[in-house]
Amino acid sequence: MPPKKCRALLSQLSDYVDGTLDPRLCKALERHLRTCPNCRVVLNTLQKTIDLYRTVGENENMPAEVRERLFRRLDLTEFLKS
Amino acid sequence: MSEQVGSPPISLEALRNGDRKEFARLVDAYSTPIYRLALKILGDPQDAEDVLQETFIKALSALPTFEGRSSLSTWLYRIAVNEALMLLRRRKPETLLTDNDGDEDEGGESESAYLIDWCCLPEEELLSDEAQRFLDKAIAQLPENLRLVFWLRDVEGLSIKETAETLGLSETNVKTRLLRARLKLREILSEYYGERVEVRSRQNAA
């Protein structure tokens, strides 16, 4: 990618993904994205990276026996079944 | 965040008054994300479980004096992070939470491998068992100060402000670290998935 311009925009991508980028910068970035396939790849794969970790993270559950031991340690066994 | 949809919000009043049932609800609402967080910091299930238990024991005894200036979730995460880091220091005294934001690994990010669009890969390939193990390895490569910010913000869904409060950082600092963490992970993942894309296109051409 033409290093200078794209590199400068890189720092805005995070805010852009979060939807918190200043509207004026947002417009300029979108204009650039329309003409720069490399930056589009960076944006898409950045978003996908976040999505993948979120998906995997949400599916990572705590083992039932860990919950059981926690409740026992906290003297909350009477509420275990809920 | 972690509170179950449809159940009434946890009452701080009841918690302060020592309501056991309410405390059990608090434990159920936050134990999973706290366990996951501790596991990400420590990388060991037994250590993560110790941190989980310590966090709620500390929370239980501190509840009467909890002023509610931050949200319950931020407060719990903060206790958990402190417990986990303390344990980490004891286990591996040589690891110090560096204050730098990873400036030293500037560069990269211009290689062609990082510019392959691998989003088109099918879900079953993006999330295969092997890929999931790779995702784990990739995040473990991040310096701790970047990993924590990424995990709290992007996986557990805390806001920038909540992440900053949990880690005792400024919001600007959180944003800087978040950007670095995201770019670094994207880079590592691009090498891995980029190869998958190439394998696929070779197969299709054959």
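**A first tour of a two-domain chain and its partner**

The domain assignment of chain B gives domain 1 (12-91) and domain 2 (103-205); such bounds come from an automatic or database domain assignment. This is a predicted model, in which local features need pLDDT of at least 70, side-chain atom pairs count only at pLDDT 80 or more, and totals for chains, interfaces and linings use all residues. Residues are numbered from 1 along each chain as its sequence is written, while chains are lettered from A and ligands numbered from 1 in the order in which they are written.

Q: How far apart do the C-alpha centres of domain 1 and domain 2 of chain B lie?
A: The two domains do touch: 11 residues of domain 1 of chain B are in contact with 10 residues of domain 2 of chain B, where contact means C-beta atoms, placed from the backbone, within 7 Å. On the domain 1 side, H2 and helix H4 (72-91) of chain B each supply at least two residues; helices are DSSP runs (H or I, at least four residues), numbered from the N terminus. The C-alpha centres of these domains lie apart by 27 Å.

Q: At which residue does helix H2 of chain B bend?
A: H2(B) covers residues 20-42 and is followed by Gly43(B), whose phi is positive, near 70 degrees. The bend of a helix is the angle between axes fitted to the seven residues ending at a residue and the seven starting there. In H2(B) the bend is about 45 degrees, with Pro33(B) following within four residues, and its place is Tyr30(B).

Q: Why is H2(B) described as largely enclosed by the rest of the structure?
A: A residue counts as buried if 20 or more other C-beta atoms lie within 10 Å of its own, as exposed if 12 or fewer do, and as partly exposed in between, with C-beta atoms placed from the backbone. H2(B) is largely enclosed because, of its 23 residues, the number buried is 17.

Q: Which helix gives the largest share of the largest nonpolar core?
A: A nonpolar core is a set of buried Ala, Val, Leu, Ile, Met, Phe, Trp, Tyr and Cys residues joined through C-beta atoms within 7 Å. The largest one has 60 residues, and Ile34(B), Ala38(B), Ala80(B), Ala84(B) and Val149(B) touch the most other members. Its largest share, 11 residues, comes from H2(B).

Q: Which helix of chain A gives the largest share of the side that touches chain B?
A: Across this interface, 28 residues of chain A are in contact with 34 residues of chain B. The elements of chain A giving two or more residues are helix H1 (3-18), helix H3 (37-59) and helix H4 (64-73). The largest share, 14 residues, comes from H3(A).

Q: Is Asp75(A) buried or exposed?
A: Asp75(A) sits in the segment after H4 of chain A and has a positive phi of about 60 degrees although it is not a glycine. With 10 other C-beta atoms within 10 Å, Asp75(A) is exposed.

Q: Which residues of chain B have a pLDDT below 50?
A: pLDDT is the predictor's confidence in each residue, from 0 to 100. Chain B has a mean of 88, and 87% of its residues reach 70 or more. Where pLDDT is low, the predicted coordinates should not be read in detail. In chain B, the stretch below 50 is residues 99-110.
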